[in-house]
Amino acid sequence: MNHALTRAELLRRAALGGVVISVPGLLAACGGDDDGGGGGAGTTTAELADTLRFSNWQLYIDRDPNDKTKSPSLEQFTAQTGVKVNYVEDVNDNATYFGKIQGPLSQGRGIDRDIIVMTDNSRFPALLISREWVEPLDKGRIPNIANLIEAQQSPPFDPDRTYSIPWVSGITGIATNLQASGGEVVTTMQQLLEDTKLKGKVTLLTEVADTMTPIMLENGDDPSKVTDDSWKRAYDRVKKAVDAGQIRRFTGNDYVADLERGNIAAAVSWSGDVATGLAANKDLRWNLPEKGSDIWTDNMFIPLEGSVPTASEYMNFVLDPKIAAMLAVGIGYISPVKGVKDEAVKLDPESANNPLIFPDDDILSNVHQFDSDALNNETYTQQWQTLLGA
Amino acid sequence: MTTAAETLPARPRPSIAARVWAFVRRHLLAAYSVLALVYLMLPIAVVILFSFNQPATQFNYTWQQFTLDNWTSWDAVPGIRDSVILSLEIAFLSTIMATALGTLVALALVRHRFRGRGPTNLLVFLPMATPEIVLGASLLTLFLQMRYPTGFTTIFIAHVMFIISYVVVTVKARLVGFDRHLEEAAMDLGANEWTTFVKVTLPLIAPAILSAALLGFAISIDDFVITYFNAGSETTFPLFVWGAARVAVPPQVNVVASAIFILALAAMTLNVLFQSRRGRQAKGTA
Amino acid sequence: MTFIHRHRWLAPLLLLAPGLAWLAVFFVVPLGFLAYQSLQSGTFEQGYTFTWEFSNYRDAITGYDEQLVRSFLYAGIATVATLLISYPLVYWIAFHGGRWKNLLLLFIVAPFFVTYLIRTLAWQNILADQGPVVGFLRDIHVLSADGRLLATTVAVVSGITYNFLPFMALPLYVSLEQIDARLLEAAQDLYASKTKAFLRVTLPLSAPGIVAGTLLTFIPAAGDFINAQLLGTPNQYMIGNVIQSKFLELIDYPAAAALSFVLMGLIMISLLVYARAVGTEKLTG
């Protein structure tokens, strides 16, 4: 143990030294005078693992514009704690990822990860907790939990935030590739599902909440209270579109590649992806559907056998408003942390005015949460899966 | 050919259409074959070409600019190096294991008359007649029921399982035409079974074993489906590609694929050359 | 006399034991477990229990008849396509290849050495909507202005055809290469036309290759899901896609297991029908 401590300390100092030389600006912005983040790290480094193993979605971490393989926020975490980060973008959609990890977890074994990220508009966060497949957080290491905005303090699946810390929230909308759509911007689900000009050039998301919420809103139904009738109305529209060959694929995050290269003209899409990850392509547009859509939050969990101290330390790190601002601006999603806007103004004033990152009342009144009972409805799940072609 | 050409002018000249038709007929097969070869090579050419591309964004599918960077920094993409190493390890170990087991089975099938040859042949044939997805799914079911954690060992087990049959078939095909007199001569000269096997049999069937091993290696390093089911949190190179394909396949993936292709082609060429030299030598001494 | 000599019957047993044991434990036994699983009932939430639930099979067939039909249809078309593409090519190599034979043969197996997934992804690029092939076909009006190749049945079947072509070409080559050239000359003397000679002599002699190639192509093609996944849409999904997602994403093990056996059973039936048509000895020979 003693030996490990010295080694970790050494690493930490070496890394800190490196940052001072290479990224002085960053350090000035959020390093030395940091009072919240990394507070307890110095005294308890011994319990931290050498490496944080982190599974996340695509286009979901800030990237150094000059070297896309580097992430300033992750490098800063390493500098502050001496913990390297093995950041793996292997979550494409909730169901597939859950399928992949449930085997070992169901046998009480770990999955070689310390943090995984799953969405509250799927049935999986509740499932992970009820099956006891996730470790409770070490709250002692997460003083920054006080920074959570009120709306994020007590989600239904984890009322006391015993197991989860929110990563970011996002809004589902419609992305258009103007080159492939013939210059037309798609703003309604009706265009997406029924406009024959888009036939075969449309993708929907495999996530039931993301695809069904905007359709139900267009049907005049309430997505937060799904009934058999409202479900059927929305389901029938999707089924009709699939049978007509309107829908090219149901996707997870993998819609971005087809959208970028113009294989698809329009996609049900997550708000930040087009704004940041695909910003280089000037033909792309992102719109909130006219009748509204859904809002969701991705949450970090510590799967069985994950290093609780290390993961908790990282969660505390990203709850620091300065880091949270780097992330929000870097990936274009809504931060769950108080005071982020003030920090974002310093980083990038333009992003600070982006209503998708800092949504105004206009947008907030137009987005809804999908009915969590419907997510667990066996019949709906079956029907939905059959629709996806499986 | 030349005689035909010389005699042609002597006859009344056929119409141009007829001559064109004759030309087409004569070369139709060759032209068709060349087209078919182009079709076979096209995706490979695309893969290799784009290993030298310098894409403007993270997406590597429009040609931008020639660069060698992807080759010199082939492991710059996180995870790719580990996946290649894992694929090589699995391919090496499972090929050695499967080649050993398969060769023994092939020897038994060709050399010995015993009851149960039929079922043995069937057992060897069936894995090849079973879709990969069923092989993968059933193995995963076994591991789940036994509560055995999927990972390196389970990938190894799976690969040995599906390579064995190919080894048996390949070695068996070569053994059938094998001359036993040499072995009998060695035994007559007082060599025991083991010495005979090592000094006579093994060198004679070595090319067959080598071919089988090459085939096994190629199958192992290429396998996606069965590995996908049984890999746990391990990532072989094909699994890495699958993950990368979800968003953007970096040019480094093309580099590794091209390198595997070139190395395999080199190994095959050497094998062909080696075998044809042996063939000539064998004919020379006969 | 050595031990082996005194117990001759032991020799084959010792040679066979390790290999067959491996196949028994990791091929036969797992199929048993899969069969066991296919008769379970329950849900992922409540867990699965063994109840002789034969209705899983009925549900598999009635619920996924479309994908089943598609699998066998696509595999069948692709098998015929590989035969049509590779037969002339292989014939040319075998009879006109001369000293380039082995080199040309390398071209045929070359696709094997590019990772399966990467080959398929390469086709995805080649056939892309904004790619050169589609552009050309639109220019010459084979495709309409908003026509496409990717995400169509054509793309999926072509992908399968390409990926399994070497499985057809290699056994074909082996059978054609073994034909004695003098036999063909004699045939051409005997039958006036080349076509007739081909139909009466060459084709029948290459039949074992056709049979072997058909099996090696059709079986993996019927279970494939990569091509439909990467080059198709849900309207092209095959039974492999369903098994894969039921097994790995939905964790619906009983349904996935039942579908696996339906697939195997249908393949066995097709093999039997095929065997009757071409004669059993050719199938196992």
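This text walks through a predicted model with chains A, B and C, taking the overall build of two chains before the contacts between and within them.

Chain B is a helical chain, with 12 helices and zero strands. Read from the N terminus, its elements therefore run as an unbroken series of α, since runs are classed as helices or strands and numbered from that end. The radius of gyration of chain B is 26 Å, whereas a compact globule of 286 residues would have one near 19 Å. Taken along the principal axes, the C-alpha atoms of chain B fill a box of roughly 80 × 65 × 35 Å. Of the 286 residues in chain B, 41% are buried. If contacts in chain B are limited to residues at least 6 apart in sequence, 77% of them join residues at least 24 apart.

Chain C can be described in the same terms. The secondary structure of chain C consists of 15 helices and two strands. For its 285 residues, a compact globule would have a radius of gyration near 19 Å, but the value for chain C is 24 Å. The box filled by the C-alpha atoms of chain C, along the principal axes, is roughly 80 × 75 × 35 Å. Buried residues account for 47% of the 285 residues in chain C. Among contacts in chain C with a separation of 6 or more, residues 24 or more positions apart make up 67%.

Next comes the interface of chains B and C. Here 61 residues of chain B are in contact with 59 residues of chain C. On the side of chain B, the elements that give two or more residues are α2 (16-49), α4 (80-111), α5 (117-125), α6 (132-145), α7 (152-175), α9 (193-222), α11 and α12 (251-285). The most comes from α2(B), with 13 residues. By class, the side of chain B that touches chain C divides into 48 nonpolar, 10 polar and three charged residues.

One helix pair across this interface can be followed in detail. Two packed helices are described by the angle between their axes and the distance between the axes. Helix α11 of chain B (residues 237-245) and helix α6 of chain C (residues 116-126) have axes 9 Å apart, at an angle of about 30 degrees. Angles under 35 degrees count as roughly parallel, so α11(B) is roughly parallel to α6(C). From α11(B), the contact is made by B:P238, B:V241, B:W242 and B:A245, and from α6(C) by C:L117, C:I118 and C:L121. This contact has seven nonpolar residues, no polar ones and no charged ones.

B:V241 also serves as a reference point for a residue elsewhere in chain B. B:R147 is found in the loop between α6 and α7 of chain B. B:R147 counts as exposed because it has 10 C-beta neighbours inside 10 Å. From B:R147 to B:V241 there are 94 residues in sequence and 28 Å in space, C-alpha to C-alpha.

Chain C also touches chain A. In this interface, 19 residues of chain C are in contact with 21 residues of chain A. Helix α13 of chain C (residues 239-248) gives the most to the side of chain C, with five residues. That side divides into nine nonpolar, six polar and four charged residues.

Within chain C, another helix pair has a different geometry to consider: helix α3 (residues 55-63) and helix α14 (residues 253-278) have axes that come within 9 Å and cross at roughly 70 degrees. The crossing angle makes α3(C) roughly perpendicular to α14(C). In α3(C), the residues C:N56, C:Y57, C:D59, C:A60 and C:I61 meet C:P254, C:A255, C:A258, C:L259 and C:V262 in α14(C). The residues of this contact divide into eight nonpolar, one polar and one charged.

The last stop is in chain A. In helix α15 of chain A (residues 340-347), A:V340, A:E343 and A:A344 are buried. Seen down the axis of α15(A), these buried residues fall within an arc of 100 degrees, so they line one face of the helix. An α-helix has 3.6 residues a turn, so residues three or four places apart point the same way. A:D342 and A:K346 are exposed on the other side of α15(A). The cover over the buried residues of α15(A) includes α14 (321-331) and α16 (349-352) of chain A.

Technical notes:
Residues numbered from 1 in each chain as written. Chains lettered and ligands numbered in written order. Predicted model: local features only at pLDDT ≥ 70, side-chain atom pairs only at ≥ 80, totals over all residues. Axes fitted to C-alpha atoms, helices over the stretch in contact; angles between N-to-C directions. Helix = DSSP H or I, 4+ residues; strand = E, 2+ residues; numbered from the N terminus. Parallel < 35°, antiparallel > 145°, perpendicular 65-115°, else oblique. Contact = placed C-beta atoms within 7 Å. Nonpolar A, V, L, I, M, F, W, Y, C, P; charged D, E, K, R; others polar. Rg over C-alpha atoms; globule rule 2.2 N^0.38 Å. Buried ≥ 20, exposed ≤ 12 C-beta atoms within 10 Å, placed from the backbone. Arc of directions from axis to C-beta.
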